[in-house]
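User: I would like to learn how to read the features of a protein model. Could we work through one together?

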Amino acid sequence: MKKLSLRTRVLTGAVVVAALGAGTFGTMSASASAPAAAPAAVTADAADGNLQQSTHLTLAAATKAAQAALDAAKKENQRVSVAVVDRNGNTILTLRGDGAGPQAYESAVKKAYTAVSWNAPTSELAQRLANAPTLKDIPGTLFLAGGAPVTAKGAPVAAIGVAGAPSGDLDEKFARAGVAALTK
């Protein structure tokens, strides 16, 4: 058997690699060009039980409530942050009042989240810790007064959290002022 030169072996190897690469690329491009079958459209209406209607606070209403809470605090010379969350605990908006402390922003969000999660003012929830101390271990919650739920037909639709005043009672007073603004 005749031994091939180095140059011939390199060229032969390059041709084999190119052929394999072209075959693989051709296979990939062929399979990529065939579109996947589109999923069938599913229709549902509220009557069939697959859907549920829910009430959500609008951004305009959340802004009105947050501003009312901030204004109530300002009247008493308190520097606070205000947060409004939706029924799922997602932040709709936050307002950081002039001079509010750095901890107030996050605390307001957590108070609002806690209030909407249990559909109760956080001052009441803080009292429940005596019987269920592990509640405080739930991520994202803060069991200090200052959160107030917003309800419609008895169900939570949002919550307002206020933080930064020297007491939780004041924070909650301002949060309740925000809730009250929604009924005007």
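User: What share of the contacts in the protein with a separation of 6 or more comes from residues 24 or more positions apart?

Analyst: In this predicted model, residues 24 or more positions apart account for 63% of those contacts. A single pair illustrates how the chain returns on itself: Thr183 and Ala65 are 118 residues apart along the chain, while their C-alpha atoms are separated by 9.8 Å.

User: How many helices and strands does the protein have, and what pattern do they follow along the sequence?

Analyst: There are five helices and four strands. Along the sequence they are arranged as α-α-β-β-α-α-β-β-α. Of the 184 residues in the protein, 32% are buried.

User: Which residues of helix H5 are buried, and what covers them?

Analyst: Helix H5 spans residues 168–181, and its 14 residues reach 20 Å from the first C-alpha to the last, close to the 20 Å expected. Its buried residues are Asp171, Glu172, Phe174, Ala175, Gly178 and Ala181. Their cover includes helices H2 (59–75), H3 (102–118) and H4 (122–128), together with strands E3 (147–152) and E4 (155–163).

User: How should the packing of H2 and H5 be described?

Analyst: Two packed helices are described by the angle between their axes and by the distance between the axes. Here H2 and H5 pack at an angle of about 140 degrees, and their axes are 7 Å apart. H2 is therefore oblique to H5, because only angles over 145 degrees would count as roughly antiparallel. The crossing of H2 past H5 is right-handed.

User: Which residues meet where H2 and H5 are in contact?

Analyst: From H2, the residues are Lys64, Ala65, Ala68, Ala69, Ala72 and Ala73; from H5, they are Phe174, Ala177, Gly178 and Ala181. By class, this contact has eight nonpolar residues, one polar and one charged.

User: What is notable about phi in Asn77 and Lys153?

Analyst: Most residues other than glycine have a negative phi. Asn77 has a positive value, near 55 degrees, and Lys153 likewise has a positive phi near 55 degrees. Asn77 lies in the loop between H2 and strand E1 (81–86), whereas Lys153 lies in the loop between E3 and E4.

User: Are Asn77 and Lys153 buried or exposed?

Analyst: A residue counts as exposed when its relative accessible area is over 50%. Asn77 is therefore exposed, at 70% relative accessibility, and Lys153 is exposed with a relative accessible area of 89%. Thr183, in the segment after H5, is also exposed, with a relative accessible area of 70%.

Note on methods. Residues are numbered from 1 along each chain as its sequence is written. This is a predicted model: local features need pLDDT of at least 70, side-chain atom pairs count only at pLDDT 80 or more; totals for chains, interfaces and linings use all residues. Side-chain values use heavy atoms; hydrogens and water are left out. Helices (H or I, at least four residues) and strands (E, at least two) are DSSP runs, numbered from the N terminus. The expected span of a helix is 1.5 Å times one less than its number of residues. Buried means under 20% relative accessible area, exposed over 50%, partly exposed in between (1.4 Å probe, protein chains only). Contact means heavy atoms within 4.5 Å. Axes are lines fitted to C-alpha atoms, for helices over the stretch in contact, and angles run from 0 to 180 degrees between N-to-C directions. Angles under 35 degrees count as roughly parallel, over 145 as roughly antiparallel, 65 to 115 as roughly perpendicular and the rest as oblique. A crossing is left-handed if the near helix is turned anticlockwise from the far one by less than a right angle, and right-handed if clockwise. Ala, Val, Leu, Ile, Met, Phe, Trp, Tyr, Cys and Pro count as nonpolar, Asp, Glu, Lys and Arg as charged, and the others, Gly among them, as polar.
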